[in-house]
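Visitor: Could you walk me through this one slowly? I'm new to reading structures.
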Amino acid sequence: MTDAVRDEAQNFVITIENTGESFKCQPDRHLLSAMSRMGKKGIPSGCQGGGCGVCKIQINSGVYDTKKMSRAHVSADEEASGSVLACRVFPRSDLSLSVIGKLQKNIVKKSTKTPWSTS
Ligand code: FES
């Protein structure tokens, strides 16, 4: 297997339902990191450790693993229903998600702008 084929095989496709955009994420990379590599402005870097809550998302379909998240931002019930922090989520299949909270404000607002928009 060539490196290019291997790289492609290890990437999962993550779809942001709010905007219809998608990005690729390797299983050893958390979603926020891969999302920020899309080059989109407005994605908060935050703590990257599950503590600040700025990267909250809702996973609608797919398989993933999580690391420890602050219960101040994600309750056990929320986590069980797919509401998680992107910086603590590692994909194990293609995923479909919605951005919520502060992340939604930034991503959805930026996506509705046209390239020639001045506002
Ligand atoms: S960046 Fe702080 S919780 Fe994800």
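Guide: We can go from the overall layout to the sheet, then to the core and a few single residues.

Visitor: Okay, what am I looking at, and how many helices and strands does the protein chain have?
Guide: This is a predicted model, and the secondary structure of the protein chain comes to four helices and seven strands. Starting at the N terminus, the elements follow the pattern α-β-β-α-β-β-α-β-β-β-α.

Visitor: What's the strand order in the open sheet?
Guide: The open sheet has five strands in the order 2-1-7-3-5, and their pairing is mixed. Strand 2 (21–25) and strand 5 (83–85) stand at the edges with a single partner strand each, so one side of each has no neighbour in the sheet. On average, neighbouring strands of this sheet are turned by 35° against each other, direction ignored.

Visitor: Which way do strand 1 and strand 7 pair, parallel or antiparallel?
Guide: Strand 1 (residues 12–16) and strand 7 pair in the parallel sense over three bridges, and Ile16 stands opposite Leu97 of strand 7. With strand 3, by contrast, strand 7 pairs in the antiparallel sense over four bridges, and there Val99 is the bridge partner of Ile57.

Visitor: And at the ends of the sheet?
Guide: At one edge, strand 1 and strand 2 pair in the antiparallel sense over five bridges. Their hairpin has four residues between the strands, and Gly20 in that hairpin takes a positive phi near 80°. At the other edge, strand 3 (residues 56–61) runs antiparallel to strand 5, the two being joined by three bridges, and Lys56 stands opposite Leu85.

Visitor: Back to strand 7, where do its side chains point?
Guide: They alternate along residues 95–99: Leu95, Leu97 and Val99 point to one face and are buried, while Ser96 and Ser98 point to the other face and are not buried.

Visitor: Is there a general idea behind that, and what tends to happen to nonpolar side chains?
Guide: In soluble globular proteins, nonpolar side chains tend to be buried together. In this model, the largest nonpolar core has 23 residues, and those with the most contacts inside it are Leu31, Cys55, Ile57 and Ala86. Two or more residues of this core come from each of strand 1, helix 2, strand 3, strand 5, strand 7 and helix 4 (101–111).

Visitor: What does Ala86 touch?
Guide: Leaving out residues up to four places away in sequence, Ala86 touches His30, Leu31, Leu32, Met35, Cys55 and Ile57.

Visitor: How much of the protein chain is buried?
Guide: Buried residues make up 24% of its 119 residues. As for contacts with a separation of 6 or more, 65% of those in the protein chain are between residues 24 or more positions apart.

Visitor: New topic: what about Lys24?
Guide: Lys24 lies in strand 2, where it stands opposite Val13. Lys24 has 17 other C-beta atoms within 10 Å, so it is partly exposed. The C-alpha atoms of Lys24 and Ile14 are separated by 5.9 Å, although these residues are 10 residues apart along the chain. Not counting residues up to four places away in sequence, Lys24 touches Asn11, Phe12, Val13 and Ala34.

Visitor: Last one, where does Gln48 lie?
Guide: Gln48 lies in the loop between helix 2 (31–36) and strand 3. Its phi is near 60°, which is a positive value in a residue other than glycine. Gln48 has 16 other C-beta atoms within 10 Å, so it counts as partly exposed.

Definitions and conventions:
Residues are numbered from 1 along each chain as its sequence is written. This is a predicted model: local features need pLDDT of at least 70, side-chain atom pairs count only at pLDDT 80 or more; totals for chains, interfaces and linings use all residues. Two strands pair if DSSP finds at least two bridges between them. Axes are lines fitted to C-alpha atoms, for helices over the stretch in contact, and angles run from 0 to 180 degrees between N-to-C directions. A residue is buried if 20 or more other C-beta atoms lie within 10 Å of its own, exposed if 12 or fewer, and partly exposed in between; C-beta atoms are placed from the backbone. Two residues are in contact if their C-beta atoms, placed from the backbone, lie within 7 Å. A nonpolar core is a set of buried Ala, Val, Leu, Ile, Met, Phe, Trp, Tyr and Cys residues joined through C-beta atoms within 7 Å.
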